[in-house]
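Student: Before I rely on any labels for this protein, could you take me through the reasoning behind them?

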Amino acid sequence: MKFASLKHGRDGQLVVVSKDLTRYVPVPDIAVSLQAALDQWSDSEPQLQKVYQDLNNGLIDGTAFDAAMAASPLPRAYQWADGSAYVNHVELVRKARGAEMPESFWSDPLMYQGGSDDFLAPTEAIRMASEEWGIDFEAEIAVVTDDVPCGVSADAAGEHIKLVMLVNDVSLRNLIPAELAKGFGFFHAKPSSAFSPIAVTPDELGNNWRDGKLHLPLLSTFNGELFGKPNAGLDMTFSFPELVAHAAKTRNLCAGTIIGSGTVSNKLDGGPGRPVSEGGAGYSCIAEVRMVETLSDGSPKTSFMHFGDRIRIEMLDGEGESIFGAIDQVVEKG
């Protein structure tokens with residue numbers, strides 16, 4: 001199934017979207033919002049499945065869908081926890097500043113608690129007061145869970161993953177060092193994130209969803225040029241079930257919890273990866289290419305985002321059709 005939330009009130013209006021993303025139908029008799037559907041997933045899922053089938057089979061006409069109408073699938077969420085499952089990305093960050101990576105990073109996931117009270121819509125501008133903050137995009141995958149019990153095993157955690165989305169985890173790179181130096185984690189450096197207009201159930205992904213990973217290229221187009229196309233299923237050290245189990249180690253996770261993968265990053269050739277222009281898979285954030293430039297040339301050359309820059313994040317199926325719709329955002333002075 002495919003879902004969107006039209007801009008309406010604080011939590012949006014849940015709609016079922018056709019497989020080809022061209023039409024939608026509201027389902028107020030089943031659930032007024034996606035959060036409401038997740039709260040009663042065992043009851044709402046079969047009813048929503050029936051609507052989805054009828055919409056795709058032409059038994060329901062539906063209304064033309066436009067991503068500009070969409071809020072985040074969950075405009076606000078009870079919890080947003082972002083992991084760092086692609087350890088290649090973490091390793092590059094540390095190498096660029098001359099720090100060794102602890103061996104535990106390969107066995108114990110990194111994860112931080114992000115702000116979840118006010119997500120950006122998928123086509124909403126990224127408004128920041130200053131370019132000096134080091135504005136960056138981070139293209140990621142995220143999953144949404146139902147109620148997850150404390151202490152769930154990784155083997156059992158996969159059953160609690162109900163939806164998959166794309167993420168732009170906006171980061172303010174120049175604010176990060178001072179915040180981390182305080183020893184209390186991110187706050188100002190991690191403003192509101194944006195999610196894809198469409199959230200899909202894992203079964204929609206077919207064989208591309210296996211082993212708790214999404215095995216398709218994640219496309220980041222920066223100012224009209226392809227910046228990255230790493231395969232989200234490669235070099236992912238921790239699967240989504242492992243990330244969910246990690247998040248639930250000491251607490252229950254309520255329905256509607258969002259767990260992110262961290263920046264998708266491919267090592268590929270045994271090194272830090274290469275730009276798309278050089279035949280590589282490119283990168284899912286500007287910081288990573290700056291790290292590679294620092295390692296190879298001694299200093300970064302690529303600047304962070306400027307006002308007027310545009311980032312588009314999307315994933316296509318085997319036929320070249322968009323699965324989740326696109327996150328398409330311009331940076332503006334706020």
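Tutor: What follows sets computed values from this predicted model against the cut-offs that the labels rest on.

Student: What makes the contact between Arg 127 and Glu 332 a salt bridge?

Tutor: The side chains of Arg 127 and Glu 332 meet at 3.3 Å, N to O, and a salt bridge requires a side-chain nitrogen of Lys or Arg within 4 Å of a carboxyl oxygen of Asp or Glu, so the pair qualifies. Arg 127 belongs to strand β8 and Glu 332 to strand β21, 205 residues apart, and the two residues also stand opposite each other where these strands pair, with three bridges joining β8 to β21 in parallel.

Student: Why is Arg 127 called partly exposed?

Tutor: Its relative accessible area is 48%, and because partly exposed covers what lies between under 20%, which is buried, and over 50%, which is exposed, Arg 127 falls in the middle class. Glu 332, at 33%, counts as partly exposed by that reasoning.

Student: How do you know that Lys 190 forms a salt bridge with Glu 138?

Tutor: The closest N and O atoms of Lys 190 and Glu 138 are 2.9 Å apart, which lies within the 4 Å limit, so the label holds. Both residues are buried, and they belong to a network of salt bridges that also links Asp 136, Asp 169 and Arg 173.

Student: What makes helix α6 largely enclosed?

Tutor: Six of its eight residues are buried, so the rest of the structure largely encloses α6; among them are Phe 240, Leu 243 and Val 244.

Conventions. Residues numbered from 1 in each chain as written. Predicted model: local features only at pLDDT ≥ 70, side-chain atom pairs only at ≥ 80, totals over all residues. Heavy atoms only, no water. Pairing = 2+ DSSP bridges. Helix = DSSP H or I, 4+ residues; strand = E, 2+ residues; numbered from the N terminus. Buried < 20%, exposed > 50% of the residue type's maximum accessible area, 1.4 Å probe, protein only.
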